[in-house]
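Let's take a walk through this one together, going from a single residue to a strand, a cavity and then some charged pairs. Have the 3D view open as you read.

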Amino acid sequence: MNLTELGYIAGWRVVRALPRPLVATAFQAGADRAHRRPGGGTARLRANLRRVVGPELPEAELDDLVKRGLRSYARYWMEAFRLPALSRAQILSGFRLDGAELLAADVAAGRGAVVALPHAGNWDAAGAWVAANGWPIATVMERLKPEGVYKRFMAFRASLGMEILPTHGGSRPAFDVLLDRVRAGAVVPLLADRDLSARGVEVDFFGGKTRMPAGPALLALHTGAPLYVASMWYEPDAPCASLAGPLPVPGPEVGPLDQRVRSLTQLIADRLAAGIARHPEDWHMLQRMWLDQRGSGDGTALPSPASGQA
């Protein structure tokens, strides 16, 4: 067991044992220290947020936005560490989703749903909330290093009621399993604003070119399940989200499958951009995002319910 794994263990044990106000103060202080002594991740967040807000925003206002963004990211980690100690009632009351009735109807009808998410707000709280409603939920997670940390994150999310599939190395390809889960009526959330495979679909995003994963579009096209795009952000009292959709899924008459995937993925990108623009301080993108960005300051990996590509 190395120091990184020990740090995560300490986080889960200590953070949930202390009073929330005390922990919140400590995590905010850590975020402010990262803002004062910026490293690669903070520099990347600043560059990404500049793309979102445009060149007109004064530098001082961008600096304040970066500070709030780091505080939001710290809040995500604090809440993630405390999630396993919450009761079902606390999980249900601690997250708000505008459009929850859509998912409820999809699950009740047995048709399942695909939800494309941004790296924003608190995606672990969202997944735990879906599971706490009694709805089946399955997603994927990239293999983190070291392996001990990866296994602990898998166990953490499984303890919240989520079925977590590895992006690779499982008994079956993750995409094939997700197809089965959607057809069986599960909710399948997938983080969709950053491609990890270098095989993603090129899209326009905030005036630049980037790649996004094809998984959400392919699942919807293969299964006919409704496809939603979530906006995610923080309010002072709770993480929140809203659903856009279901998106119009192009049929075979539009063109071959790859053309339909590109069209649908661009639509996802447009919806993601709209949500991020409304709450840029809650977009936790500390990695290189656009194809024309240079340098290796990609920041720290973002373990999440769906940080791999299906």
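Start at Gly-41, which is buried at a relative accessible area of 12% (buried means under 20%, exposed over 50%, and partly exposed in between, using a 1.4 Å probe and protein chains only). Gly-41 sits in helix α3, residues 40-53; helices here are DSSP runs of H or I with at least four residues, strands are E runs of at least two, and both are numbered from the N terminus. Its C-alpha is 9.1 Å from that of Arg-288, although the two positions lie 247 residues apart along the chain.

A word on the ground rules: this is a predicted model, so local features need pLDDT of at least 70 and side-chain atom pairs 80 or more, while totals for chains, interfaces and linings use all residues. Residues are numbered from 1 along each chain as its sequence is written, and side-chain values use heavy atoms, with hydrogens and water left out.

Now look at strand β5, residues 187-191, where five of five residues are buried. Val-187, Pro-189 and Leu-191 point one way, while Val-188 and Leu-190 point the other. That fits the usual pattern: in a regular strand, side chains alternate between the two faces of the sheet. β5 pairs in the parallel sense with β2 (residues 113-117) over five bridges, where pairing takes at least two DSSP bridges. Within that pairing, Val-115 has Pro-189 as its bridge partner.

Val-115 and Pro-189 turn up again among the residues nearest the centre of the largest cavity, which has 18 lining residues. A cavity is a set of points on a 1 Å grid over the protein atoms alone where a 1.4 Å probe fits but cannot get out, and lining residues have an atom within 4 Å of a point. The volume of this one is about 170 Å³. Helix α7 (123-132) gives the largest share of the lining, five residues.

Finally, the salt bridges, each a side-chain nitrogen of Lys or Arg within 4 Å of a carboxyl oxygen of Asp or Glu; the count is 15. Back in α3, Arg-46 pairs with Asp-63, with closest N and O atoms 2.6 Å apart. Asp-63 lies in helix α4 (residues 59-82), so this pair ties together parts 17 residues apart in sequence. Asp-292 and Arg-51 form another, at 2.4 Å. Here Asp-292 is in the segment after α11 (257-278) and Arg-51 in α3, so the parts tied together are 241 residues apart in sequence.

Key: 1 Å grid on protein atoms, 1.4 Å probe; cavity = no way out; pocket = protein on both sides within 12 Å on 5 of 7 lines; lining within 4 Å. Points joined across faces, edges and corners; volume = space filled by probe spheres on them.
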